[in-house]
Amino acid sequence: MFVDIANITVKAGRGGNGAVSFRREKYVAAGGPDGGDGGRGGNVIFRVDSNLSTLSDFRYQRRYEAENGQNGAAGRRFGRGGQDLVVPVPAGTLVKEEETGRLLADVSRPGEDYVIAKGGRGGWGNSHFATATRQAPRFAKTGAPGEEYRLQLELKLLADVGLLGFPNAGKSTLLSVVSEAKPKIANYPFTTLSPVLGVVAAPQGGSFVMADIPGLIEGAGEGVGLGHRFLRHVERCRLLLHLVDASGSEGRDPVEDMQTIDRELAAYSPALAALPQIVVGNKTDL
């Protein structure tokens with residue numbers, strides 16, 4: 001199942017508490033403080049996983065918690081830091097605060113770690129608080145709590161070329177011919193219910209990614225049909241390939257179809273409408 005919106009909770013680890021301890025040594029007042037510091041809490045880190053293309057995994061696990069830091073100990077021994085929690089996500093994932101909509105990260109670059117929630121600092125042990133006038137402090141600091149967020153994850157597919165057009169214009173057929181993708185193909189509208197990606201090998205070498213976006217209809221920019229949900233996946237494309245059914249076999253006017261789709265792009269996002277576009281007349285054999 002293609003899932004491009006998910007709501008989860010992430011919580012970084014709490015810092016460990018500082019220790020209150022005194023070494024037992026002759027001629028040292030009160031034994032001398034030697035409490036160690038607590039370890040820092042683990043971070044929650046998002047990392048691109050090239051094997052993922054949907055947020056479906058987040059339908060089953062909604063809460064992610066990093067490990068807490070360990071407490072300090074006697075002999076100025078520091079507590080172990082909490083282990084970071086690495087959460088794999090598909091490239092193109094926007095991480096937002098659910099309540100405010102504030103963008104925390106755009107997880108798009110493979111090999112780069114995005115710290116979403118920072119672990120709390122470890123508390124100081126009592127050895128930190130010894131002074132000439134306070135030689136036997138009997139207190140230490142507790143560890144700080146880690147950051148916690150309610151997040152909304154929003155996936156915007158990363159593709160070089162986006163296929164646009166009315167339902168049944170032939171977008172899936174084109175993608176299946178120029179790439180190894182196997183989208184569903186049938187002679188009825190709305191065959192494609194979710195975006196499909198395919199890698200196209202260029203004749204001069206190299207390759208690029210093409211995305212088959214579900215068919216748009218009039219009113220898609222305002223949420224009619226499937227368009228409003230999937231128009232976000234076109235925003236990151238470098239080029240739009242606009243397929244138009246040139247045959248008129250279904251009683252539609254090709255020029256009017258093209259103009260309708262262009263209006264919906266502009267209604268959704270002026271930046272989207274400004275992307276370079278190639279118009280492809282399809283079904284000319286009919």
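Let's start with burial: a residue is buried under 20% relative accessible area, exposed over 50%, and partly exposed in between, using a 1.4 Å probe on protein chains only. By that yardstick R238 is exposed, at 61% relative accessibility.

The model here is predicted, so local features need pLDDT of at least 70 and side-chain atom pairs count only at pLDDT 80 or more, while totals for chains, interfaces and linings use all residues. Residues are numbered from 1 along each chain as its sequence is written, and side-chain values use heavy atoms, with hydrogens and water left out.

**The overall picture**

The protein chain has four helices and 13 strands. Both are DSSP runs numbered from the N terminus: H or I over at least four residues for helices, E over at least two for strands. Of its 286 residues, 44% count as buried. Contact here means heavy atoms within 4.5 Å. Among the contacts in the protein chain with a separation of 6 or more, 72% are between residues 24 or more positions apart.

**Salt bridges**

Opposite charges are a natural next stop. Side chains of opposite charge can pair when their charged atoms come close. The rule used is a side-chain nitrogen of Lys or Arg within 4 Å of a carboxyl oxygen of Asp or Glu, and by this rule the count comes to 11 salt bridges. Three of them are listed here, including the closest N and O distance.

| Salt bridge | Closest N and O atoms |
|---|---|
| R63 and E148 | 3.3 Å |
| E97 and R102 | 3.0 Å |
| D160 and R238 | 3.2 Å |

What does the R63 and E148 salt bridge tie together? R63 lies in strand β3 (residues 63-65) and E148 in strand β8 (residues 148-155), so the pair links parts that are 85 residues apart in sequence. R63 is partly exposed at 38% relative accessibility, and E148 is partly exposed too, at 43%.

The salt bridge between D160 and R238 has its closest N and O atoms 3.2 Å apart. D160 sits in the loop between β8 and β9 (161-164) and R238 in the loop between α2 (227-230) and β12, so this pair ties together parts that are 78 residues apart in sequence. D160 counts as partly exposed, at 21% relative accessibility, whereas R238 counts as exposed at 61%. As for shared partners, salt bridges join R63, E65 and E148 into one network.

In the remaining pair of the table, E97 is buried with a relative accessible area of 18%, while R102 is partly exposed at 43%.

**T93 and D49**

Is T93 buried or exposed? T93 is buried, with a relative accessible area of 0%. T93 is found in strand β5 (residues 93-97). Leaving out residues up to four places away in sequence, T93 touches L55, A105, D106, V107, L153, E154 and L155. The T93 side chain also has a polar atom 2.7 Å from the backbone oxygen of P90. That fits the polar contact rule: N or O atoms within 3.5 Å, where within protein one must be able to donate a hydrogen and the other to accept it, and residues adjacent in sequence count only if both atoms are side-chain atoms.

P90 turns up again around D49, which is in contact with P88, V89 and P90 once neighbours within four places in sequence are set aside. D49 lies in the loop between β2 (44-48) and β3 and is partly exposed at 24% relative accessibility. A polar atom of the D49 side chain lies 2.9 Å from the backbone nitrogen of N51. The C-alpha atoms of D49 and V87 are separated by 9.2 Å, with their places 38 residues apart along the chain.

**Backbone angles**

Most residues other than glycine have a negative phi. R76 has a positive phi of about 55° although it is not a glycine, and R76 is placed in the loop between β3 and β4 (85-89). K283, also a residue other than glycine, has a positive phi near 60°. K283 is found in the segment after β13 (277-282) and counts as buried at 18% relative accessibility.
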